[in-house]
Amino acid sequence: MARRVVLFDLGGVLFGPGLQHFLGSCERDCALPRNFLLKVMFAGGSDSPYAKAMRGQITLSQLFSEMEEGCRQHASTSGIALPPTFSVARAFEEMAAKGTVNAPLLRAARVLRRNGFKTCVLTNNWVDDSAGRLFTATLMNLLRRHFDLVIESCRLGAQKPDPEIYAYALDALQAKPQEVILLDDIGENLKPAREMGMATVLVRDTETVLKELEELSGVQLLTQEEPLPTACDPSNVTHGYVPIRPGVQLHFVEMGHGPIVCLCHGFPESWLSWRYQIPALADAGFRVIALEMKGYGESTAPPDVKEYTQEQICKDLAVFLDKLGIPQTVLIGHDWGGAVVWNMALFYPERVRAVASLNTPYRPADPTVDIVEKMKSYPTFDYQFYFQEPGVAEAELEKDIGRTLKVLIRSTRQEDRLPFALNFHRVRERGGLLVGFPENPPASQILNGPELQYYIQRFEKSGFSGPLNWYRNMRPNWHWALSAKDRKITMPALMVTAGKDVVLHPSMSRGMEEWIPQLSREHIEECGHWTQMERPAVLNRILVEWLEGLPPDTPLPKISRL
C-alpha cells in the first residue's frame, strides 16, 4: 500500500533542540546531577507532572509549580543544595529563546504536501498559560499554516506513546497505518506506531532523516532546487470587503499579526498572485493585507474610465486604510501595483512607512515631452495603445479567458515557452495581442490547476474593462504626476528588478537614487515579469530581509483617549 501521510513530531524534530536538551543545560548551570530534572518531571509514571500536563489535566504554570516542589523534595532527600536562583521555568524560557524551527524538514513537509501527501504534526504538548505563552501561540500558528493538521496531546487527553493518540490521528486523516510514516526523536513513541503497521523514522540528524523519508515516500527531498513556498488557498484564508464610497468597494485578503504590509497586484492579475508571499510574510511577523485592485474580481469595476486614474486609485487606497483604522503601512506593488505604491509615497507619504516595487521603476513626470508621444517612442508599449479603444481589447481578451491567461502569464523557463514569444511590438498592426497563438495552449508552470481556475472565475465575474481602464488615463496620470515632479521619495524604499522582463527592463530603473535617497536594490536575473510566481522563494527572502531591516515601527501617538 502506497504511503500518503507523514506525521511529524514537534520537539526534537520540527523544532529543536528538544526540551531534554534545555533541561540538561539547566542542570549544568545549577550544578545538579545529570537527569535530576527529568527524574522529577517523570516521577509518578502516568501521574507524573509531565504526564498530567501532556494530557491537559494541568497547565504549564502548574507543571512549573509541581516540578519546583518536586525538585525541592528530591534535593532535600538527596542532600543536594538548590541554588537560590533555581527556576524550572528558565529551562522552558531558554527553549523558546534559543530553539529554532528545522527549516529543511519544514521544506520537506511542503514538498511532500505538494506531491499529494497529507502532512500532520503529532505532538505531546501542554496548555501554555505561562508568561511566555505568546511563543507557543506563534509557533503553533505557523505550523497550522504549513500542515494539513496539528494534533496536540493536551487537547485529546491522550499522549504518545498511548495507542489511542495514533488511532485518533489515523481517523482524523482517514488513513490506514500502512499508508503512514511517523517521525519522532523518542524510540518509545515509535514502537506502538510500528506495531500498528506504520513506517517509522527515529530522528537523530536531519540529513539521515531526509534520506530515509525520501526512500519511504518516493519523493525527492534532497534536491538542490528551491521548493516552492507554502501558498495560501482562496477557500481557506480570511477575506474582507471595505466600502470606499457608494458603488465602490475593495476586496482584500489578510493573514498574520504585526506591522502592516499591503500588497498591490498588477495586470491582468489578482490578489492570488501574492499567494506565496502572504504566508511567508505572516510567518515573519507581519500583518499582510493583499488587495484585489479596483476593477478586478470581487472589488468593484465602475464603468467610468476616470475611476481608474492614478489620482482616484490612490484616493481610494487612502480611504481603504482609513476604513480599516490603519494610519500607516508598508506598501509593496508589482506592475501597475508598483505605480500605485510609488504614487502613494509621493502624494500620501504620511501613510507610507516604507515602499517597495517589483519590476516597475519610478520616474518623475517630464513636462517637456507629451506623455503620449513619449510612450509612442517605446515600441514595447504599443500594446498600451491597442488597449485604448474601449471594447476592442475586451473582445479579444474575454473571448476565451483561459487562453488569454495561459498566453500572457508564463515564466521565462525554456520548458514553459510557447512556440513563439509574446511580442508587444506592432500589436495594433497585427490586429491583436494574442494573434497567432494556439487556440488551446498548455497551462503555464507558474499558473495552472486550481489557481488558474480561480483567475478565470475572477475575470469571468469582473471582465477586462476595469483592468484595461487603468491604461486609458495616460494624460490625466501625467498631469497629476507633474504636480509632484520636483518631490523626492524620502522613506525607506526597495526596487526589485528582473533580468528577463522584456517590458519593464531593469535598465529603466537607472538613476532612481536621485529621486529616492533611501533606495535599496535587489536583482533577480533569471526571472521574467511575473516575479512573485516565477521566483517566489528568492523574492520572499528579499522582502523579509528588507522588512526586518526597516527602522522599528514608531508607537502611535495618543492623540485622543476618547
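This is a step-by-step tour of two sheets, some of the helices packed on them, and two single residues. The model you have open is a predicted one.

**Stop 1: the five-stranded sheet**

Start by selecting strands E5, E4, E1, E6 and E7, and follow them in that order: they form an open sheet with parallel pairing. Strands of a sheet pair through backbone hydrogen bonds, either parallel or antiparallel. Which strands stand at the edges? They are E5 (149–152) and E7 (199–202); each has a single partner strand, so one side of each is left without a neighbour in the sheet. Turn the view to look along the sheet, and you can follow a twist that averages 20 degrees from one strand to the next.

Now zoom in on E1 (residues 5–8) and E6 (residues 180–184), a parallel pair with four bridges. Click on Val-6 and then look across to E6, where its bridge partner is Ile-181.

Next, move to E4 and E5, which run parallel and are joined by four bridges. Here Leu-122 is the residue to click, with Ile-151 of E5 standing opposite.

**Stop 2: helices across this sheet**

Keep E4 and E5 on screen and add helix H7 (residues 133–146). H7 lies across E4 (118–123) and E5, and runs at about 140 degrees to E5. Trace the chain from E4 through H7 to E5 and you have followed a right-handed β-α-β unit.

Then select helix H11 (residues 206–217), which lies across E1, E6 and E7. How does H11 run relative to E6? The angle between them is about 170 degrees.

**Stop 3: Leu-202, in an edge strand**

Select Leu-202, which you will find in strand E7. Is Leu-202 buried, partly exposed or exposed? With a relative accessibility of 36%, Leu-202 counts as partly exposed. Leaving out residues up to four places away in sequence, Leu-202 touches Asp-184, Asp-185, Ile-186, Gly-187 and Leu-190. Now use the distance tool from Leu-202 to Val-242: they are 40 residues apart along the chain, and their C-alpha atoms are separated by 50 Å.

**Stop 4: the eight-stranded sheet**

Select the strands in the order E8-E9-E11-E10-E12-E13-E14-E15, and you have an open sheet of eight strands with mixed pairing. The edges are E8 (238–245) and E15 (519–524); each has a single partner strand, so one side of each has no neighbour in the sheet. Ignoring direction, neighbouring strands here are turned by 20 degrees against each other on average.

Look at E11 (residues 287–292) by itself for a moment. Five of its six residues are buried, so E11 is largely enclosed by the rest of the structure. On one pairing, E11 joins E9 (residues 248–255) in the antiparallel sense over five bridges, and Met-255 stands opposite Val-288. In another, E11 runs parallel to E10 (residues 260–264), with four bridges between them; click Cys-262 to find its bridge partner, Ile-289. Add helix H12 (residues 277–283), and E10, H12 and E11 together make a right-handed β-α-β unit.

Further along, E12 (residues 329–334) and E13 (residues 352–358) pair in the parallel sense over six bridges. Val-330 has Ala-354 in E13 as its bridge partner.

**Stop 5: two helices on the sheet**

Helix H13 packs on this sheet and touches E8, E9, E10, E11 and E12, with its direction at about 115 degrees to that of E8. Helix H14 also packs on the sheet, touching E10, E12, E13, E14 (493–498) and E15, and its direction makes about 145 degrees with that of E12.

Now show H13 (residues 310–323) and H14 (residues 336–347) together: their axes are 10 Å apart and make an angle of about 70 degrees. That makes H13 roughly perpendicular to H14. To see the contact, show Gln-310, Ile-313, Cys-314, Leu-317 and Ala-318 in H13, then Trp-336, Ala-339, Val-340, Asn-343 and Met-344 in H14. By class, this contact has eight nonpolar, two polar and no charged residues.

**Stop 6: Ile-456**

Finish in helix H20 (residues 449–462), where you will find Ile-456. Is Ile-456 buried or exposed? Its relative accessible area is 12%, and the cut-off for buried is under 20%, so Ile-456 is buried. Setting aside neighbours within four places in sequence, Ile-456 is in contact with Ile-401, Gly-402 and Leu-405. For a last distance, pick Ile-456 and Leu-405: they are 51 residues apart in sequence and 7.9 Å apart in space, C-alpha to C-alpha.

Key. Residues numbered from 1 in each chain as written. Predicted model: local features only at pLDDT ≥ 70, side-chain atom pairs only at ≥ 80, totals over all residues. Heavy atoms only, no water. Axes fitted to C-alpha atoms, helices over the stretch in contact; angles between N-to-C directions. Parallel < 35°, antiparallel > 145°, perpendicular 65-115°, else oblique. Contact = heavy atoms within 4.5 Å. Nonpolar A, V, L, I, M, F, W, Y, C, P; charged D, E, K, R; others polar. Pairing = 2+ DSSP bridges. Buried < 20%, exposed > 50% of the residue type's maximum accessible area, 1.4 Å probe, protein only. Right-handed = clockwise from strand over helix to strand, strands pointing away.
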